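Student: Got a minute to walk through this model with me? I'd like to get a feel for how it's put together.

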Number of protein chains: 2
Amino acid sequence: MGGRREEILDAALAIADERGLDGVSMRAVAERVGVTPMALYRHVSGKAELLDAMVGHLLSALLPPDAGPDQGPAQRWEEGLAALARGFRAMVLRHPWAAPLLFSRPAVTPDAARAVDAIYTALTEAGVPDREVPRLERLITTFVIGFVASEVSGRFTSGSLDPRGRRGRLPEGDLPGHARIKPWLHLPDDLAIEFEADLDDIMRLIEAAVHPRTDSESGSSTPDSSA
Amino acid sequence: MGGRREEILDAALAIADERGLDGVSMRAVAERVGVTPMALYRHVSGKAELLDAMVGHLLSALLPPDAGPDQGPAQRWEEGLAALARGFRAMVLRHPWAAPLLFSRPAVTPDAARAVDAIYTALTEAGVPDREVPRLERLITTFVIGFVASEVSGRFTSGSLDPRGRRGRLPEGDLPGHARIKPWLHLPDDLAIEFEADLDDIMRLIEAAVHPRTDSESGSSTPDSSA
DNA sequence: CCGGAGGGTATACGGCGTATACGTCTACAC
DNA sequence: GTGTAGACGTATACGCCGTATACCCTCCGG
């Protein structure tokens, strides 16, 4: 039977974990399987499909293994969403090579569809109007994927924070926004904490979608009473 | 003078716009400049730096050209942020090749730092506590970059929506969350509208950060009164 | 006995980024 | 003028990459 294909997939995953995405070449995978590069093409249509299969494999491990037919009303929806997000983050931190691939391929595997379904269910359970559910799903997944991708790809590491990053020698007084908040400009020690705070904000965003504004009473933030 | 470097940069940008990021090879750029590939290395340390310079160039065009010393209190902060986000989206839609690069490199060019500064200023102006400003800046930029990257990289195109995407032949009844909201499962015709709705939600998220919850009064969404 | 099919190999092509070595042209000190 | 140093460009080559093409072997049903 075609256990060979999974053997190839496992080899590719192992190489990616050990040497990064650039290490995953058809030649390297073939060597690890113990076979000639061209032999891979009997089981995989090309490198693109191999990469797809790799992210598919990762996403498969995201959902709990369908722990039985009945499990009651599960947890509260916030917990379900947060758990999914945390699990996703943990997975990408464990396999950073996946980050660049996550934006290109839509959630196409069965397990990915199930993950989306879990989000739909949570949103519905939270009381979000049906019409808004897909948009909010996209908003949430976009943020979560983006956050983790930023984290592992280096977008967050000092640069937007400390403007003297090699090349950016600004006149120093040209950044009034930075100056005011200088004490808070360092990257937090633990991005997990920031991730939690962001998730919290997004949960509130969802709650707000449950009780939509009537568009009156929304007289911008504060009518006049600021300082 | 070093006009040669900008000539190289322009050639690379032109190729990227015409043939995509994969078309940008040192050989192709060199040919367009009318020079041998190795000649590029006199002006650019390697391909990585060339790519960095390309995104730097794009980001430079984001901010208004510093329209004079005084321009009053500018617009309301929501408008400033939204304009920045819309400008960013338009830019990436015009140059889709930039999407994969945006997560890897921090905002390191002077103009990028100025863009971040504009966001800081808007958040401060909105009344966000100083401590929270950098986190919210990261939250906003992460979402905006993620949204546009998803848009141009195909993550949004049917797949998470319509679960029958080639490979994902699920038992059909296995996706209760999808079933319930079937009428809304199609991608909106115009993602700009969804982008606006998302921005709106994020503006409300910011307003919520201005008036932080005291952590009482937060008895989860609705105490008991749902259905 | 045969024949096809599934799996593996060998070879090759065209592309890539770039290290190294060599030329050439200009500008300036003497 | 002459020498020389540096900036700029070229030529060649190395080692990778993905994969098209053609061939080979082994097994199994008829």
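Tutor: Sure, one definition to begin: helices are DSSP runs of H or I with at least four residues, strands are E runs of at least two, and both are numbered from the N terminus. This is a predicted model, where local features need pLDDT of at least 70, side-chain atom pairs count only at pLDDT 80 or more, and totals for chains, interfaces and linings use all residues. Residues are numbered from 1 along each chain as its sequence is written, while chains are lettered from A and ligands numbered from 1 in the order in which they are written.

Student: OK, DNA then. Which helix gives the largest share of the surface near DNA strand C?

Tutor: Helix α2 of chain B (residues 26-33), with three residues. Near means that a residue's C-beta atom, placed from the backbone, lies within 6 Å of the strand. There are 15 residues around DNA strand C, and Thr36(A), Met38(A), Ser25(B), Met26(B) and Gly46(B) come nearest.

Student: And which residues come nearest to DNA strand D?

Tutor: Ser25(A), Met26(A), Gly46(A), Thr36(B) and Met38(B), out of 14 around that strand. Here the largest share of the surface, three residues, is from helix α2 of chain A, residues 26-33.

Student: How do the residues of the surface near DNA strand D divide by class?

Tutor: Seven are nonpolar, three polar and four charged. For DNA strand C the surface has seven nonpolar, four polar and four charged residues. Nonpolar covers Ala, Val, Leu, Ile, Met, Phe, Trp, Tyr, Cys and Pro; charged covers Asp, Glu, Lys and Arg; the others, Gly among them, count as polar.

Student: Switching topic: what's the secondary structure of chain A?

Tutor: Nine helices and zero strands. Of its 227 residues, 36% count as buried, meaning 20 or more other C-beta atoms within 10 Å of a residue's own, with 12 or fewer for exposed, partly exposed in between, and C-beta atoms placed from the backbone.

Student: Is α6(A) covered or open?

Tutor: Mostly covered, with 14 of its 17 residues buried. Its length works out too: at 1.5 Å a residue, the 17 residues of α6(A), 110-126, should span 24 Å, and the end C-alpha atoms are 24 Å apart, which agrees. The expected span is 1.5 Å times one less than the number of residues. Just after α6(A), Gly127(A) takes a positive phi of about 100°.

Student: Why does Ala118(A) count as buried?

Tutor: Because Ala118(A), which lies in α6(A), has 22 C-beta neighbours inside 10 Å. Leaving aside neighbours within four places in sequence, Ala118(A) is in contact with Leu63(A), Gly80(A), Leu84(A) and Gly177(B). A contact means two C-beta atoms, placed from the backbone, within 7 Å.

Student: And Leu101(A), buried or exposed?

Tutor: In between: Leu101(A) is partly exposed, with 17 other C-beta atoms within 10 Å. Leu101(A) lies in helix α5 of chain A, residues 99-102, and touches Leu51(A) and Val55(A), not counting residues up to four places away in sequence.

Student: Last one: what's the mean pLDDT of chain A?

Tutor: It's 84, and 79% of the residues in chain A reach 70 or more; pLDDT is the predictor's confidence in each residue, from 0 to 100. Over residues 160-168 of chain A the pLDDT is below 50, and that stretch has 25 contacts in the model beyond near neighbours in sequence. Residues 216-227 of chain A also stay under 50, with six contacts beyond four places in sequence.
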